Each structure stands twice: as C-alpha cells, then as structure tokens.
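Please look through the sequence and the model below before reading on. The paragraphs after it lead from the overall order of the chain to its strands, its core and its pocket.

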Amino acid sequence: MMLRSMFLAAALIAAPAATPQQAVTAAMTDSAAGWNAGDLDRFVAIYADDAVFVTPKGLLRGKTDIADHYRPSFAKGGNTRGNLTFQMLAHRTISDVHQLLFARWILTPSDGGTVDQGMTTLLFERRKDGWKIISDHSS
C-alpha cells in the first residue's frame, strides 16, 4: 500500500500543468524558489532570451542583462535577505500562446525588518522550452 501511495504521489508531481495558467503559476513559484535558494540561474530561467524588463531605473533587454541586474543581489546573499513570494492578483489569456499576469511580489526580511513589496505585470509566451516571460514591468 505504501509503495502504491509513493508511486501515485510521484505521478502527480511529474504530471504537466493542465492549463497554461497553471504552467505560468508553476514557473513563477519556481523562480521565487530560485531566489530563496540563492540560485540566480533558476531565478532568471523564467525569462526568454529576448525578454524586455522595465524597472523603475530603466529598461533591460535580454535575459543576460536581466541576470546582470540581479547578480549583485545574489552576490550579497539574495536569499539571506528574506523570503520572496508572489501573490497572483489577476491573469488573462490573450491567445493560445500568450498569458498576461498581474502579481504582487513580497520580500519578507529574514531579520524581521520591514516587508518590501511591489507590483509586476508579466507577459508570458509559450515557446519551445516552455512558458517564458517576454515582457516584465515591475515596481
């Protein structure tokens, strides 16, 4: 019985997301897990190579520039600063290959300090390697 339960659990974990929105939500969750683990590559894996990222400080073009933007945070021990989570607020299916997501990001400091948060609007596109962010407007 226990072996059967373990097999069923493994089958559920390995099952692909049933809807595009579930796939996008899983990608966001994995990206946050990358931040929390201090894994920059995992954190930015959700971006397309040609993604555009609009920050309060300017425009970044491409996954490499996005990784360079976040690299100092990870060098400072990004995951030791706190726990990053995303609160999904709304999403809209634009087409068979595009999903628009509006979310709040929340960084809860590990030292008990003030919670930092902002908003992000993400445009996901289905590509050969999965759902990738092609446009990110974050505050």
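What follows is a walk through this model, with each term explained where it comes up.

This is a predicted model, in which local features need pLDDT of at least 70 and side-chain atom pairs count only at pLDDT 80 or more, while totals for chains, interfaces and linings use all residues. Residues are numbered from 1 along each chain as its sequence is written, and side-chain values use heavy atoms, with hydrogens and water left out.

The chain has four helices and six strands, where helices (H or I, at least four residues) and strands (E, at least two) are DSSP runs numbered from the N terminus. Read along the sequence, these elements follow the pattern α-α-α-β-β-α-β-β-β-β. Of the 139 residues, 35% count as buried, a word that here means under 20% relative accessible area, with exposed meaning over 50% and partly exposed lying in between (1.4 Å probe, protein chains only). Among contacts (heavy atoms within 4.5 Å) between residues at least 6 apart in sequence, 44% join residues at least 24 apart.

The strands can be followed by their pairing, and two strands pair if DSSP finds at least two bridges between them. S3 and S4 are antiparallel and share twelve bridges; one position to look at is Ala90, which stands opposite Phe102 in S4. A hairpin of two residues leads from S3 to S4, and the loop between these strands holds Val97. From S4 the pairing goes on to S5, again in the antiparallel sense, with ten bridges, and here Trp105 faces Gly118 in S5. The hairpin between S4 and S5 has six residues, and Gly112 in the turn has a positive phi of about 80°. S5 in turn runs antiparallel to S6, joined to it by eight bridges, and a hairpin of two residues connects S5 with S6. Arg127 has Gly130 in S6 as its bridge partner.

S6 also pairs with S1, this time in the parallel sense and over four bridges, and the partner of Val54 in S6 is His137. S6 is mostly covered, since seven of its nine residues are buried.

Is Val97, in the loop, buried or partly exposed? Val97 counts as partly exposed because its relative accessibility is 34%. Leaving aside residues up to four places away in sequence, Val97 touches Phe124, Glu125, Arg126 and Trp131. The C-alpha atoms of Val97 and Phe124 are separated by 8.0 Å, although the two residues are 27 apart along the chain.

Phe124 leads on to the largest nonpolar core, a nonpolar core being a set of buried Ala, Val, Leu, Ile, Met, Phe, Trp, Tyr and Cys residues joined through side-chain atoms within 4.5 Å. This core has 27 residues, of which Tyr47, Ile66, Tyr70 and Phe124 touch the most other members. Two or more residues each come from H2, helix H3 (40-44), S1, H4, S4, S5 and S6, and H2 gives the most, with five residues. Not counting residues up to four places away in sequence, Tyr70 touches Trp35, Leu40, Phe43 and Phe53.

Tyr70 also belongs to the lining of the largest pocket, where Phe53, His69, Tyr70, Trp105 and Ser139 lie nearest the centre among 27 lining residues. A pocket is defined on a 1 Å grid over the protein atoms alone, as an open set of points where a 1.4 Å probe fits, with protein on both sides within 12 Å along at least five of seven lines, and lining residues have an atom within 4 Å of a point. The largest pocket holds about 630 Å³ of space, a volume being the space filled by probe spheres set on the points, which are joined across faces, edges and corners.

Which elements each supply at least two residues of this lining? They are helix H2 (20-37), strand S1 (47-55), helix H4 (63-75), strand S3 (82-95), strand S4 (98-109), strand S5 (116-127) and strand S6 (130-138), and the largest share, four residues, comes from H4. The lining divides into 15 nonpolar, seven polar and five charged residues; Ala, Val, Leu, Ile, Met, Phe, Trp, Tyr, Cys and Pro count as nonpolar, Asp, Glu, Lys and Arg as charged, and the others, Gly among them, as polar.

A last residue to find is Gln21, in helix H2. Gln21 counts as buried because its relative accessibility is 13%, and, leaving aside its neighbours within four places in sequence, Gln21 is in contact with His91, Gln99 and Leu101.
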